[in-house]
Amino acid sequence: MLSRVADSIYWMTRYIERAENIARFINVNLNLSLDMTTGMAGAWQPLVMTTGDHGVFEKRYGLDYSRENVIQFLALDREYGNSIISCVAAARENARSVREIISSVMWEQINHSYLLLKDAAKNRLANKDPHRFFKNITMLSHMFTGLLHTTMSRGEAFHFALLGQLLERADKTSRILDVKYFMLLPKPEDVNSPYDVIQWGAVLKSTSGFETYRKQCHRIVPKQVCSFLIFDPDFPRSIHCCLTSAQCALHKITGTPRGAVSNPAEKSLGRLCADLDYSDIDDVISAGMHEYLDDLQTKINQVGLDIRQAFFRIPDNLREQTSVSAQ
């Protein structure tokens, strides 16, 4: 497969997954605002802080981290490259360039999603009816994922699409957990209080894991929630499950048997999966939850860089040939 095609397919699914997870990300706070009548003042700033793009936000909105400004920035700000509308636009552009590879219904779904977002931006639906808006974003992403799994052959293109989707999902699950740790209740005595339980319930709902968790663990206990979202091998949005599945997709692409490596991407992802295999929630707590998640995000980013180097980077000699041909 051409590097350009693989790159477009990989980023197409990453951007769709990113848009969905930003919607889930915001829903953490929206769910909390329904359940908590107090303590929500200043609770929107952490959403921007955990993206690492607070500098971009403050250039455009100053220090006014109001609900309206944060939602506008994360959802519909076209000048912010990681907003929902920017992500869907980027996914659409990538899909357009590989229309001969993906199915026609996948293209139609991405194009439809983009047009709906353009209309929502004009009508400011994200602030007028945010619950409906972000639920629609999630459902549009689910429809695209369903079409991916039901209309594409299990060849290289499919596995590159899966690889991008799963790496993005693992990263965003870690960031959703990080939101909670930026919103820790100010009094130690409030830990395990009803307010704390409500917050952890919102985190589970934002990952669609509330019902699955309750069936397994019954009571909402912070330590168990963290263990579930990081280490559960079967829940499809847990970090461990995402990265293990991404590793399988990577080996399908290269043809390298499990347990062996043929490039730096397989090595870095294999090491990360091994760390998760032999760690548990007590190790995370000992390291510090925020520190552990921050380190995990750095390692996931490194896997992404290694994938780019192994599969998408155009060698210098080919780049020179391309440049000469263009002239």
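Below are short exercises on helix packing and salt bridges in this predicted model.

Residues are numbered from 1 along each chain as its sequence is written, and side-chain values use heavy atoms, without hydrogens and water. In this predicted model, local features need pLDDT of at least 70 and side-chain atom pairs count only at pLDDT 80 or more, while totals for chains, interfaces and linings use all residues.

**Exercise 1. Work out how α13 and α14 are arranged relative to each other.**

Step 1. Locate the helices, taken as DSSP runs (H or I, at least four residues) numbered from the N terminus. Helix α13 covers residues 239–254, and helix α14 covers residues 264–277.

Step 2. Take the axes, which are lines fitted to C-alpha atoms over the stretch in contact, with angles from 0 to 180 degrees between N-to-C directions. The two axes come within 10 Å and cross at roughly 150°.

Step 3. Apply the cut-off: angles over 145 degrees count as roughly antiparallel. Therefore α13 and α14 are roughly antiparallel to each other.

Step 4. Add the hand. The crossing of α13 and α14 is left-handed (the near helix is turned anticlockwise from the far one by less than a right angle).

**Exercise 2. Describe the contact of α13 with α14.**

Step 1. Find residues in contact (heavy atoms within 4.5 Å). In α13 they include Ile 239, Leu 243 and Leu 250; in α14 they include Leu 269, Leu 272 and Leu 276.

Step 2. Sort them by type. Nine residues of this contact are nonpolar, six polar and two charged. Here Ala, Val, Leu, Ile, Met, Phe, Trp, Tyr, Cys and Pro count as nonpolar, Asp, Glu, Lys and Arg as charged, and the others, Gly among them, as polar.

**Exercise 3. Place three salt bridges and state the burial of their partners.**

Step 1. Set the terms. A salt bridge is a side-chain nitrogen of Lys or Arg within 4 Å of a carboxyl oxygen of Asp or Glu. Buried means under 20% relative accessible area, exposed over 50%, partly exposed in between (1.4 Å probe, protein chains only). The structure holds 15 salt bridges.

Step 2. Take Arg 24 and Glu 20, paired at 2.8 Å, N to O. Both lie in helix α1, four residues apart, about one turn of the helix. Both are buried.

Step 3. Take Asp 77 and Arg 60, with closest N and O atoms 2.6 Å apart. This pair links distant parts of the chain: Asp 77 is in the loop between α4 and α5, and Arg 60 is in helix α3. Asp 77 is buried at 3%. Arg 60 is partly exposed at 38%.

Step 4. Take Lys 299 and Asp 295, 3.2 Å apart at their closest N and O atoms. Both lie in helix α16. Lys 299 is partly exposed at 34%, and Asp 295 is partly exposed at 37%.

Notes:
Helices (H or I, at least four residues) and strands (E, at least two) are DSSP runs, numbered from the N terminus. Angles under 35 degrees count as roughly parallel, over 145 as roughly antiparallel, 65 to 115 as roughly perpendicular and the rest as oblique.
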